[in-house]
Amino acid sequence: MDTDTEGETSGYPRVRRRGQGELEAQVLAALQAAPGPATAVWVQQHLGDGLAYTTVMTILSRLHAKKAVSRSRSGRSYVWRAASDTAGLAALRMRRVLDNERDRDAVLASFVSTLLPDDENLLRALLDSAADDGS
């Protein structure tokens, strides 16, 4: 029998686990590639990962709760559309983390202090642009 990298012994190949949010991003990308509203079965088939239908439905429901996808009735089931892109999904996750912190100022200050210089310059430019648009 083979031993995996963590010392477990099994007769089966080790399945790579996805990182947090990776499956959501893949489902969102599939919806963005769809020619129109897509069913969960269509998404399942286009992911090509052998995922269970219930897994796809769970991810779609989570994305819907995050307002990253929209859905509408089609007969007895739903059809789904991407309401944001992967950058928007990441921004929603960042916002959710920030919303769950008591000291927002400290969290934002800590985040900004760890930015690379190019990221800091980009953030400044984006904030300046948003300020100009609001004037």
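At what angle do the axes of helix α1 and helix α3 cross? Keep that question in mind while you set up the view.

**The whole chain**

The model is predicted. Start by colouring the chain by secondary structure. You should find six helices and four strands. Following the sequence from its beginning, the elements come in the pattern β-β-α-α-α-β-β-α-α-α. The chain has 135 residues, and 20% of them are buried. Taking contacts between residues at least 6 apart in sequence, 41% join residues at least 24 apart.

**Helices α1 and α3**

Select residues 22-33, which form helix α1, and residues 53-65, which form helix α3. Two packed helices are described by the angle between their axes and the distance between the axes. Here the axes come within 10 Å and cross at roughly 85°. Angles of 65 to 115 degrees count as roughly perpendicular, so α1 is roughly perpendicular to α3.

Now show the side chains where the two helices touch. On α1, select Leu23, Glu24, Val27, Leu28 and Leu31. On α3, select Thr55, Ile59, Leu60, Arg62 and Leu63. Colour this set by residue type: seven are nonpolar, one is polar and two are charged.

**Lysine 67**

Move on to lysine 67, in the loop between α3 and β3. Strand β3 covers residues 69-74. Is lysine 67 buried or exposed? Lysine 67 has a relative accessible area of 66%, which means that this residue is exposed. Check its backbone as well: phi of lysine 67 is near 65°, a positive value in a residue other than glycine.

**Tyrosine 78 and two arginines**

Next, centre the view on the ring of tyrosine 78 and display arginine 71 and arginine 73. Arginine 71 lies over the face of the ring of tyrosine 78, at 4.2 Å from the ring centre. Arginine 73 also lies over the face of tyrosine 78, at 4.4 Å from the ring centre.

If you go looking for aromatic rings that pair with each other, the structure holds one such pair. A pair of aromatic rings is described by the distance of the centres and the angle of the planes.

**Arginine 96 and lysine 66**

For the last stop, select helix α4, residues 86-99, and pick out arginine 96 within it. Arginine 96 is partly exposed, with a relative accessible area of 38%. Then add lysine 66 to the selection. How far apart in space are arginine 96 and lysine 66, C-alpha to C-alpha? The distance is 9.3 Å, although arginine 96 and lysine 66 are 30 residues apart in sequence.

Conventions. Residues numbered from 1 in each chain as written. Predicted model: local features only at pLDDT ≥ 70, side-chain atom pairs only at ≥ 80, totals over all residues. Heavy atoms only, no water. Axes fitted to C-alpha atoms, helices over the stretch in contact; angles between N-to-C directions. Parallel < 35°, antiparallel > 145°, perpendicular 65-115°, else oblique. Contact = heavy atoms within 4.5 Å. Nonpolar A, V, L, I, M, F, W, Y, C, P; charged D, E, K, R; others polar. Buried < 20%, exposed > 50% of the residue type's maximum accessible area, 1.4 Å probe, protein only. Phe/Tyr/Trp six-rings, centres within 6.5 Å; stacked < 30°, edge-to-face > 60°. Lys NZ or Arg CZ within 6 Å of the ring centre and 35° of its normal.
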